[in-house]
Amino acid sequence: MFDTRELGRRPGALKRVSRSVEAPRDLGNEVIGVPEGAPIELDLRLESVMDGVLVTGTGRATVKGECVRCLEPLERELDADFQEMFAYPDADARVHEDAGDDAEDEEDTLFLEDDLFDLEPVLRDAVVLALPMQPVCQDDCPGLCSDCGVRLADDPDHHHDAVDIRWAALQGLAGTVKDGEKDNMGGAEAGVDEKQEK
């Protein structure tokens, strides 16, 4: 909660505020977010306008999560910019008159209560929108082996000799034919085949 009493209601009045606040619960998505209670550094610019207070600012925090490719923990700094208008309570009637039939604008309007405004919903929206949807530990993270789950960044030469099941039966047949040819062929022909194979 922030107090706007010192700002006054004269349009054009300006006040800058810097504050460190604790992060609320569930500030993020399933993969990455700001841990609950972690500090968020806020730099705000409060400007008095005709119908309320225009709040422009930046929130800086350390976000923690895991790489979506290799599941390793990651941590990085995040800057979330936002701008929101908090209307005066007596501007409520004017908002109704100006809005007309536009009920959605009316629902989205945030109001000052006793010259105080709650920044949490605005900050929550800004942080969640600024978070990466698919965070990775590094841009070229190779992820995990799909066969055994080993982290490929730790073992770049890791591979499995996979046999394509469509050819597996033919490989068995090819081995049988080669063995049969060597057994059944006479001296000269067998020698020719061996030279060709080499």
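At 35% relative accessibility, aspartate 43 counts as partly exposed. In this predicted model, the residue belongs to strand S5, which covers residues 39-49. The side chains of this strand alternate between two faces. Ile40, Leu42, Leu44, Leu46 and Ser48 point to one face and are buried. Pro39, Glu41, Asp43, Arg45, Glu47 and Val49 point to the other face and are not buried. This arrangement can be set beside a general rule. In a regular strand, side chains alternate between the two faces of the sheet.

Aspartate 43 takes part in a salt bridge with arginine 60, the side chains meeting at 2.8 Å, N to O. Because arginine 60 lies in strand S6 and aspartate 43 in strand S5, the pair ties together parts that are 17 residues apart in sequence. Arginine 60 is also partly exposed, with a relative accessible area of 34%. The pairing extends to a further residue, as Asp43, Arg60 and Asp79 are linked in a network of salt bridges. The general background is brief. Side chains of opposite charge can pair when their charged atoms come close.

Strand S5 holds another salt bridge, formed by the side chains of arginine 45 and glutamate 47 at 3.2 Å, N to O. Both residues are on the face of S5 whose side chains are not buried. Arginine 45 counts as partly exposed at 28% relative accessibility, and glutamate 47 counts as partly exposed at 22%. Elsewhere in the chain, aspartate 154 and arginine 151 form a salt bridge through their side chains, with an N to O distance of 2.9 Å. Aspartate 154 is exposed, its relative accessible area being 57%. Over the whole structure, the search finds eight salt bridges.

Strand S5 pairs with two other strands, S2 and S6. Strand S2, residues 14-22, pairs with S5 in the antiparallel sense over nine bridges. Within this pairing, leucine 42 of S5 is the bridge partner of arginine 19. The pairing of S5 and S6 is antiparallel and runs over nine bridges. Here leucine 44 has glycine 57, in S6, as its bridge partner. S5 and S6 form a hairpin, and two residues lie between the strands. Leucine 42 and leucine 44 both point to the buried face of S5.

Threonine 58 is placed in strand S6, which spans residues 52-66. This residue counts as buried, with a relative accessibility of 15%. The side chain of threonine 58 makes a polar contact of 2.8 Å with the side chain of aspartate 81. When residues up to four places away in sequence are not counted, threonine 58 touches Glu41, Leu42, Asp43, Asp79, Ala80, Asp81 and Phe82. Among these neighbours, Glu41, Leu42 and Asp43 belong to strand S5. Asp43 and Asp79 are also members of the salt-bridge network that includes Arg60.

Two residues with unusual backbone angles were examined next. Aspartate 114 has a positive phi of about 55° although it is not a glycine. Aspartate 115 likewise has a positive phi, of about 65°, and is not a glycine. Aspartate 114 lies in the loop between strand S8 (110-111) and strand S9 (116-117), and aspartate 115 is placed in the loop between S8 and S9 as well. Their accessibilities fall into separate classes: aspartate 114 counts as exposed at 67%, whereas aspartate 115 is partly exposed at 27%.

On the surface, Trp167, Leu170 and Leu173 form a nonpolar patch. Together these residues have about 340 Å² of accessible area. Leucine 170 is found in helix H4, which covers residues 165-184. The side chain belongs to a partly exposed residue, since leucine 170 has a relative accessible area of 44%.

The protein chain as a whole contains five helices and nine strands. From the N terminus on, its elements run β-β-β-β-β-β-β-α-α-β-β-α-α-α. The chain has 198 residues, of which 26% count as buried. Among contacts with a separation of 6 or more, 60% are between residues 24 or more positions apart. The chain exposes about 13500 Å², and carbon and sulfur atoms supply 48% of that area.

Terms used. Residues are numbered from 1 along each chain as its sequence is written. This is a predicted model: local features need pLDDT of at least 70, side-chain atom pairs count only at pLDDT 80 or more; totals for chains, interfaces and linings use all residues. Side-chain values use heavy atoms; hydrogens and water are left out. Patches are made of residues with over 30% relative accessible area and no salt bridge: like charges are joined within 9 Å, nonpolar side chains (Val, Leu, Ile, Met, Phe, Trp, Tyr) within 5 Å. Accessible areas come from the Shrake-Rupley method with a 1.4 Å probe; for residues, only the protein chains shown count as cover. A salt bridge is a side-chain nitrogen of Lys or Arg within 4 Å of a carboxyl oxygen of Asp or Glu. Helices (H or I, at least four residues) and strands (E, at least two) are DSSP runs, numbered from the N terminus. Buried means under 20% relative accessible area, exposed over 50%, partly exposed in between (1.4 Å probe, protein chains only). A polar contact is a pair of N or O atoms within 3.5 Å; within protein, one must be able to donate a hydrogen and the other to accept it, and residues adjacent in sequence count only if both atoms are side-chain atoms. Contact means heavy atoms within 4.5 Å. Two strands pair if DSSP finds at least two bridges between them.
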